[in-house]
Each structure stands twice: as C-alpha cells, then as structure tokens.
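Here are my notes for your first look at this model. Keep the structure open beside you as you read.

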Amino acid sequence: MSYLREIMIRLRERSGASESGHEPLAVLYSPLSERVLEEHLQTYRERLQACSDAMLPYEWAWLEDHLATLQLSSGQGAMQKVLGGPQRVADLLRETRCFQAEVRGELSRRGLEHGNRTAPLAAQEHAWELSNPAIRLEWGIELADPLPG
C-alpha cells in the first residue's frame with residue numbers, strides 16, 4: 001500500500017496539487033491538440049539537444065519512471081482524478097511516449113545508449129532541471145554541465 005501512496009504523492013506533486021494534499025482548483029481540461037503537442041515536442045527537442053551526453057541516460061530513466069507511473073494511473077480512477085481525468089492521462093501518456101522517441105533519437109544521433117542505470121531520480125526534475133549534486137554525481141553529470149532551458 002505504501003507503494004501506491006508514494007505514486008499518488010508523486011502524481012499529486014507533478015500535477016500541481018498543494019503539499020497539503022488538497023486538489024488544485026478545478027481547471028477545464030481541453031484535449032491535447034496536434035499543434036500543442038508539436039509545440040511541446042519542439043521545446044523538448046531543443047532542451048535535449050542542449051543536454052550533455054551524461055544527461056541523456058538520466059532523462060531516459062526519468063521518462064521510463066514517469067511512463068510507468070502514468071500507466072499505473074490510467075487504470076485507477078482516483079489516480080486519474082489527481083491528474084485531471086482520463087483524457088488528460090491519455091494525453092500525458094501520448095506525450096511521454098513522443099518524448100521517449102525524441103530521447104531515443106538524440107541518443108542514436110550521438111551514438112549513445114540509454115543503459116540500465118539504477119541511480120536515483122529526482123521525481124519532479126528532468127535532466128535539465130536536475131539540481132541535486134549527489135544525484136548529478138551518481139549519473140555522471142558534471143556540476144559544471146549547463147542546465148538548458
């Protein structure tokens with residue numbers, strides 16, 4: 001049960017709910033359009049291109065963790081509600097899979113592999129947001145590596 005509680009907390013944090021556990025104010029969610037998805041992908045591509053080689057495996061692992069959390073939530077009504085409903089969860093899954101394809105492509109362009117690292121992840125931080133020096137060190141991300149974005 002603690003595993004599900006941890007996932008719910010992560011989902012709540014990622015969705016912008018307050019730390020008090022209260023839901024954010026209800027916002028009407030409109031499905032992710034192709035135009036908006038492409039805008040998100042363009043921004044994501046730019047961030048990936050600015051990442052150091054060491055940041056890309058972290059980003060891959062972060063996306064895998066995020067995708068697993070979303071897949072679990074897609075079958076749970078309470079978890080879907082935390083994220084904004086079934087349509088939003090479906091859109092987040094779609095977007096995350098697109099992001100994975102972008103990371104895969106960037107790794108390939110650089111002749112790198114994502115590997116199977118088991119170093120810790122910061123639940124709310126993409127590679128370019130990663131601020132924890134200990135986690136950066138475990139992933140081989142130099143403290144001097146720029147954080148794009």
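1. Among contacts in the chain between residues at least 6 apart in sequence, what percentage join residues at least 24 apart? The figure is 70%. Remember throughout that this is a predicted model.

2. Start with the overall build. The chain has six helices and zero strands. Reading along the sequence gives the pattern α-α-α-α-α-α.

3. Next comes the surface. The chain has 149 residues, and 40% of them count as buried. About 8,700 Å² of the chain is exposed. Carbon and sulfur atoms supply 54% of that area.

4. Now look at helix pairs. Two packed helices are described by the angle between their axes and by the distance between those axes. Try both descriptions on helix H3, residues 55-74, and helix H5, residues 86-109. Their axes come within 10 Å and cross at roughly 160°. Angles over 145 degrees count as roughly antiparallel, so H3 and H5 are roughly antiparallel to each other. Their crossing is left-handed.

5. Which residues meet where H3 packs on H5? From H3 come Leu56, Glu59, Trp60, Leu63, Glu64, His66, Leu67, Leu70, Gln71, Ser73 and Ser74. From H5 come Val89, Leu92, Leu93, Thr96, Arg97, Phe99, Gln100, Val103, Arg104, Glu106 and Leu107. Sorted by class, this contact has 11 nonpolar, six polar and five charged residues.

6. H5 also packs with helix H2, residues 34-50. Here the angle is about 35°, and the axes are 10 Å apart. The crossing of H2 and H5 is right-handed. H2 contributes Glu34, Leu37, His40, Leu41, Tyr44, Arg45, Leu48 and Gln49. H5 contributes Arg94, Glu95, Cys98, Phe99, Glu102, Val103 and Glu106. The classes are seven nonpolar, two polar and six charged. Compare the two lists for H5: Phe99, Val103 and Glu106 appear in the contact with H3 and also in the contact with H2.

7. Find His126. This residue lies in the loop between H5 and helix H6, residues 133-138. Is His126 buried or exposed? Its relative accessibility is 15%. Buried means under 20%, so His126 counts as buried.

8. What does His126 touch, leaving aside its neighbours within four places in sequence? The partners are Tyr44, Tyr58, Glu59 and Trp62. Two of these names are familiar. Tyr44 belongs to the H2 side of the contact with H5, and Glu59 belongs to the H3 side of the other contact. Trp60 is also worth checking against His126. The two are 66 residues apart in sequence, yet 9.4 Å apart in space, C-alpha to C-alpha.

9. Move to Arg47, which sits in helix H2. At 29% relative accessibility, Arg47 counts as partly exposed. Pair Arg47 with Trp128 on your screen. In sequence they are 81 residues apart, while their C-alpha atoms are 7.2 Å apart in space.

10. Finish with Ala90, in helix H5. Its relative accessibility is 39%, so Ala90 counts as partly exposed. Ala90 and Gln71 are 19 residues apart in sequence. In space they are 9.1 Å apart, C-alpha to C-alpha. Gln71 is one of the H3 residues in the contact with H5.

Notes: Residues numbered from 1 in each chain as written. Predicted model: local features only at pLDDT ≥ 70, side-chain atom pairs only at ≥ 80, totals over all residues. Heavy atoms only, no water. Axes fitted to C-alpha atoms, helices over the stretch in contact; angles between N-to-C directions. Helix = DSSP H or I, 4+ residues; strand = E, 2+ residues; numbered from the N terminus. Parallel < 35°, antiparallel > 145°, perpendicular 65-115°, else oblique. Left-handed = near helix turned anticlockwise from the far one by under 90°. Contact = heavy atoms within 4.5 Å. Nonpolar A, V, L, I, M, F, W, Y, C, P; charged D, E, K, R; others polar. Buried < 20%, exposed > 50% of the residue type's maximum accessible area, 1.4 Å probe, protein only. Areas by Shrake-Rupley, 256 points an atom, 1.4 Å probe, with all protein chains shown as cover.
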